[in-house]
Amino acid sequence: MKRLLREPLVHFLAIGAALFLVFALKGGAGASSGRIVVTRARMESLAAGFARTWQRPPSAEELKGLVDGFVREEIAVREAMATGLDRDDTIIRRRLKQKVDFLAEDRIDAAPPTDADLAAWLAAHPDLYRAEERISFRQVCLAPGKRGGSAAAEAEARRLAAALERKGPGADAAGDSLLLPPEMPLSPKSEIARVFGSDFADAVVKIEPGHWTAPVPSGFGVHAVLVREKTPGRAPALADVRASVERDFTADRRTRELDALYARLLAKTKVVIETTPEKK
């Protein structure tokens, strides 16, 4: 029994019960515009917030301070609303709208999507998750400024591609740019575009593997290119992209549900838009 009486939780419950009794005697059990009732649930919530921060329950004095702070806040809120401070305040209006949205979203998130929901979403939006075609290649870049202009560089690229083709797939040659990798491993088009530019990437994906091709343009110059391998793009299985599909599905469902909510509320509301009278 003595050990039980020394437990902090027992002290907290006793303190809470005493405070609750005091506020109940002063304020009654109901709530009205001239009365503030600090319920047992409110005190437990205040104490729980304190415990999360300080990793211990509040003392009697600390709990009284928490309750006093809540009462002062409630008094300020009521006074502000009574004097109309909540009206025509952009920040308050936005915060209230956010709370309506949050409540609606909480109800939506309470029902997670099923596998059938996600499979239907993936089937309806396959391009969002399709694995890109991947390409590996070698390239030699010729800079027009070092080759007497664009026409000369293109002609040189053709001659170089023909010479490399005769030498076979293992043939090599030095180019004019040291900024570009001479060989790219299997990479998606987006990565190729990041390194070489979109014009080069658009051209490379159209080249058949196994032969040197030139000229292939880029912002760096013209290239002789040997595509080594291509792997086609594919639609992924749901298991491979489940996290992305669930995220996108949930975001879309939230948008649709919120739109439907506001449409229902709007149907109950008469909206009058005053227009500026025309000048005579």
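This is a short chat about the sheet, the ring pairs and the salt bridges of a predicted model.

Q: Start with the sheet. What is the strand order?
A: The order is β2-β1-β4-β3 in an open sheet of four strands, and the pairing is antiparallel.

Q: Which strands are at the edges?
A: β2 (183-188) and β3 (212-218) are the edge strands, each pairing on one side only.

Q: What about twist?
A: From one strand to the next, the twist averages 40°.

Q: How many bridges do β3 and β4 have between them?
A: Five bridges, in the antiparallel sense; β4 covers residues 221-231. As for residues facing each other, Leu226 in β4 stands opposite Trp212.

Q: Which strands does helix α7 touch?
A: Helix α7, residues 150-167, packs on the sheet and touches β1 (134-142), β3 and β4. The direction of α7 makes about 150° with that of β3.

Q: And where does α8 lie?
A: Helix α8 (residues 189-196) lies across β1, β2, β3 and β4. Relative to β2, α8 runs at about 135°.

Q: Switching to aromatics. How many pairs are there in the whole structure?
A: A search of the whole structure finds five aromatic pairs. One of them is Trp121 with Phe249, an edge-to-face pair with 6.1 Å centre to centre and 85° between the planes.

Q: Where do Trp121 and Phe249 lie?
A: Trp121 is in helix α6 (residues 115-124) and Phe249 is in helix α10 (residues 238-267), so the pair ties together parts that are 128 residues apart in sequence.

Q: Are those two rings' residues buried or exposed?
A: Trp121 is buried, at 13% relative accessible area. Phe249 also counts as buried, with 9% relative accessibility.

Q: Which residues make up the ring cluster?
A: Phe137, Phe196 and Phe200 are linked into a cluster by ring pairs.

Q: Now charges. How many salt bridges are found?
A: The search of the whole structure gives 13 salt bridges.

Q: Which residue does Lys189 bridge to, and at what distance?
A: Lys189 forms a salt bridge with Asp202, and their closest N and O atoms are 2.8 Å apart. Lys189 lies in helix α8 and Asp202 in helix α9 (residues 198-204), so this pair ties together parts 13 residues apart in sequence.

Q: How accessible are Lys189 and Asp202?
A: Lys189 is partly exposed, with a relative accessible area of 31%. Asp202 is partly exposed too, at 33%.

Q: What does Arg194 pair with?
A: Arg194 forms a salt bridge with Glu191, with 2.8 Å between the closest N and O atoms. Both residues lie in helix α8, three residues apart, which is about one turn of the helix.

Q: And the accessibility of Arg194 and Glu191?
A: Arg194 is exposed, its relative accessible area being 61%. Glu191 counts as partly exposed at 28%.

Q: What is the N to O distance for Asp127 and Arg130?
A: It is 3.5 Å, and the two side chains meet in a salt bridge. Asp127 counts as exposed at 63% relative accessibility, while Arg130 counts as partly exposed at 38%.

Q: Last one: which residues form a salt-bridge network?
A: Arg138, Glu183 and Arg228 are linked in a network of salt bridges.

Terms used. Residues are numbered from 1 along each chain as its sequence is written. This is a predicted model: local features need pLDDT of at least 70, side-chain atom pairs count only at pLDDT 80 or more; totals for chains, interfaces and linings use all residues. Side-chain values use heavy atoms; hydrogens and water are left out. Rings of Phe, Tyr and Trp (its six-membered ring) pair if their centres lie within 6.5 Å; planes under 30 degrees apart count as stacked, over 60 as edge-to-face and the rest as tilted. Helices (H or I, at least four residues) and strands (E, at least two) are DSSP runs, numbered from the N terminus. Buried means under 20% relative accessible area, exposed over 50%, partly exposed in between (1.4 Å probe, protein chains only). Two strands pair if DSSP finds at least two bridges between them. Axes are lines fitted to C-alpha atoms, for helices over the stretch in contact, and angles run from 0 to 180 degrees between N-to-C directions. Contact means heavy atoms within 4.5 Å. A salt bridge is a side-chain nitrogen of Lys or Arg within 4 Å of a carboxyl oxygen of Asp or Glu.
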